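Please examine the model displayed below before reading the exchange.

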Amino acid sequence: MDTQLTQTATDIGTLLNRLEAQLTEAFAICSHLAVATTTFGGSAGVTPRIAQPVVHELGGAMAAIAQAQGHVIAAHRSAERIGKFIGFGDGLPKPDQAFFTGADISHLSIVAAAA
């Protein structure tokens, strides 16, 4: 098969996987920020009225990231279909919806202990 086509297919797959991982990390960071805002805000004497807009905006960011993950997964599926048509792809099934695995959540125990 064409070397340029092989390299292009490999590059697309690598970039899609990188984007999926970065969106997962961004979602995890937003969720950690929301937890930290509510937990530490209360312990620092910040009223919920003051902290709520921050949590609200982070919730919007998380919703946007989740939507972006869905679009990237759909793009990955489309690339897989094209790959199968031209003879590429790993053939592994793609998830039906966005999912979050592999995020480092070890620091959440510190947040929980501080509450």
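The following dialogue treats the helices, their packing and the surface in turn.

This is a predicted model, in which local features need pLDDT of at least 70, side-chain atom pairs count only at pLDDT 80 or more, and totals for chains, interfaces and linings use all residues. Residues are numbered from 1 along each chain as its sequence is written, and side-chain values use heavy atoms, with hydrogens and water left out.

Student: How far apart are the end C-alpha atoms of α1?

Tutor: Helices are DSSP runs of H or I with at least four residues, numbered from the N terminus. The expected span of a helix is 1.5 Å times one less than its number of residues. For the 41 residues of α1 this gives 60 Å, which agrees with the end C-alpha separation of 59 Å.

Student: Against which element do the buried residues of α2 pack?

Tutor: Buried means under 20% relative accessible area, exposed over 50%, and partly exposed in between, with a 1.4 Å probe and protein chains only. In α2, the buried residues include Leu58, Met62, Ile65 and Val72. Contact means heavy atoms within 4.5 Å. The element against which the buried residues of α2 pack is α1.

Student: Which helix gives the most to the largest nonpolar core?

Tutor: A nonpolar core is a set of buried Ala, Val, Leu, Ile, Met, Phe, Trp, Tyr and Cys residues joined through side-chain atoms within 4.5 Å. The largest has 9 residues in all, among them Leu16, Phe27, Leu58 and Val72. Two or more residues come from each of α1 (3-43) and α2. With 5 residues, the helix that gives the most is α1.

Student: Is Glu20 buried or partly exposed?

Tutor: Glu20 lies in helix α1 and touches Val72, Ile73 and His76, leaving aside residues up to four places away in sequence. Because its relative accessibility is 22%, Glu20 counts as partly exposed.

Student: Which helix gives the most to the nonpolar patch?

Tutor: Patches are made of residues with over 30% relative accessible area and no salt bridge, where like charges are joined within 9 Å and nonpolar side chains (Val, Leu, Ile, Met, Phe, Trp, Tyr) within 5 Å. A salt bridge is a side-chain nitrogen of Lys or Arg within 4 Å of a carboxyl oxygen of Asp or Glu. Leu5, Ile82, Phe85 and Ile86 form the nonpolar patch, with about 400 Å² of accessible area together (Shrake-Rupley method, 1.4 Å probe). Giving 3 residues, the helix that contributes the most is α2.
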